[in-house]
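Me: Got a minute to go through this one with me? I'd like to start with a side chain and work outwards.

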Amino acid sequence: MSEHSWVRRDCDIAWCPGCGNYGILKLVGETLAELALDPQQTVLVSGIGQAAKLPQYCNVHFFNGLHGRALPPATAIKASNPRLTVIAESGDGDMYGEGGNHFLHCIRRNPDLTNIVHNNMVYGLTKGQASPTSRRGFVTPLQVGGVTLEPFNPLAVAIALGASFVARTYVGNAEHARGILQAAIRHRGYALVDLLQPCVTFNKLNTYQWFAAQTAPLPDDHDPADRVQAFARACEEEPLRLGIFYRQEKPVFEEQLAAYTDDARPLYERQVDLARLAATMEAMR
Ligand SMILES: Cc1ncc(C[n+]2csc(CCOP(=O)(O)OP(=O)(O)O)c2C)c(N)n1
């Protein structure tokens, strides 16, 4: 499978020169190739935004849905065919803002999917408004006096909810990011990768230099099985730690569905019993 070109070379890419998304696209392509995944069995799912365009630049099955709504279809795709590798990816606004409710409850469901969040701390597509992860004081055309809100802390929230895999990495550290993406995709259960990424056009605060100075690996003695330690480190802001904060094995959503109790065949392989469906509809009239 290694000869499959995961990244398309036959389309124009609508990202600004220097955008961190180019690095993420390269990383995703390299990681899928290194894991030797079958392109026919791999699905990318995204919402709306610059980050959410990524699946369109890949040679892969994808579903590009509504703003903030990547996780529900990703969960459904995995449930209807658990053999697929499902990756939901989008921006920080899409996943933590408009999609915040789905983010919380997807963690509780624990479907076996990877959730890559391109975290550039800004709404890029709509030209630079503050996102949930924007830092305090960040001045935008809308937040003219600077952001006054406390930034949303996705790692701390995910750990508090008992997410089964929680990691942060930075696109400027490709080797680290590749390792994290591999581990997240291999992990069985919901895996959050908060992937820090500069927006060179609309975020002049959180630049490549800022991320390089502001990030540092988790200490060598960090134990990803220790939830309290993971939570404490997720709450640190200076530096922003990189690595696998927390990891645990727990039952996955699709495995527990009643539809799979007596029948292991994926839902999409089954015939709908039209007579039974008609009777159910009739009973509801
Ligand atoms: C319900 C709804 N609200 C708002 C919008 C407008 N909108 C589209 S993309 C976007 C922000 C995207 O930001 P982010 O998810 O951080 O991704 P980025 O563009 O920075 O990669 C917004 C507000 C929309 N399309 N739908």
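Me: What does the side chain of Arg241 have within reach at Pro217?
Reply: A polar atom of the Arg241 side chain lies 2.9 Å from the backbone oxygen of Pro217. A polar contact here is a pair of N or O atoms within 3.5 Å; within protein, one must be able to donate a hydrogen and the other to accept it, and residues adjacent in sequence count only if both atoms are side-chain atoms. Bear in mind that this is a predicted model, where local features need pLDDT of at least 70 and side-chain atom pairs count only at pLDDT 80 or more, while totals for chains, interfaces and linings use all residues. Numbering runs from 1 along each chain as its sequence is written, and side-chain values use heavy atoms, with hydrogens and water left out.

Me: Is Arg241 buried or exposed?
Reply: Arg241 is buried, with a relative accessible area of 17%. The cut-offs are under 20% for buried and over 50% for exposed, with partly exposed in between (1.4 Å probe, protein chains only).

Me: And where does Arg241 sit?
Reply: In strand β8. Helices (H or I, at least four residues) and strands (E, at least two) are DSSP runs, numbered from the N terminus.

Me: Which residues is Arg241 in contact with, leaving aside neighbours within four places?
Reply: Arg168, Ala216, Pro217, Leu218, Pro219, Arg233 and Glu236. Contact means heavy atoms within 4.5 Å.

Me: Arg233 is in α8, right? Which residues of α8 are buried?
Reply: Ala230, Arg233 and Ala234 are the buried ones in α8, which spans residues 227-234. They share one side of α8, because they cover an arc of only 100 degrees around the axis. That arc is taken from the directions from the helix axis to the C-beta atoms.

Me: What covers them?
Reply: The cover over the buried residues of α8 includes α5 (154-160) and β8 (240-247).

Me: What caps the N-terminal end of α8?
Reply: Asp226 does, with a side-chain oxygen 3.2 Å from the backbone nitrogen of Val228.

Me: Back to α5. What does Ala156 touch?
Reply: Ala156, which lies in α5, touches Phe231, Ala234 and Cys235, not counting residues up to four places away in sequence. Ala156 is buried too, at 8% relative accessible area.

Me: Any odd backbone geometry? Which peptide bond is cis?
Reply: The one from Glu238 to Pro239, with omega near 0 degrees. Pro239 is in the loop between α8 and β8.

Me: And where is phi positive in a residue other than glycine?
Reply: Met121 is one of them, with phi near 60 degrees. Lys127 also has a positive phi, about 75 degrees, although it is not a glycine. For background, most residues other than glycine have a negative phi, and most peptide bonds are trans.

Me: Where are those two, and are they buried or exposed?
Reply: Met121 is in the loop between β4 and α5, and so is Lys127. Met121 is buried at 1% relative accessible area, whereas Lys127 is exposed at 56%.

Me: Switching topic: how much space is in the largest pocket?
Reply: About 230 Å³. On a 1 Å grid over the protein atoms alone, a pocket is an open set of points where a 1.4 Å probe fits, with protein on both sides within 12 Å along at least five of seven lines, and lining residues have an atom within 4 Å of a point. Grid points are joined across faces, edges and corners, and the volume is the space filled by probe spheres set on the points.

Me: Which residues line it nearest the centre?
Reply: Of 19 lining residues, Ile48, Gly49, Tyr123, Gly124 and Leu125 lie nearest the centre of the largest pocket. Helix α3 (residues 92-98) gives the most to the lining, with three residues.

Me: Last one: what is His187 joined to by a polar contact?
Reply: Ser164, side chain to side chain, at 2.8 Å. His187 is in the loop between α6 (174-186) and β6 (191-196), and at 6% relative accessibility His187 counts as buried.
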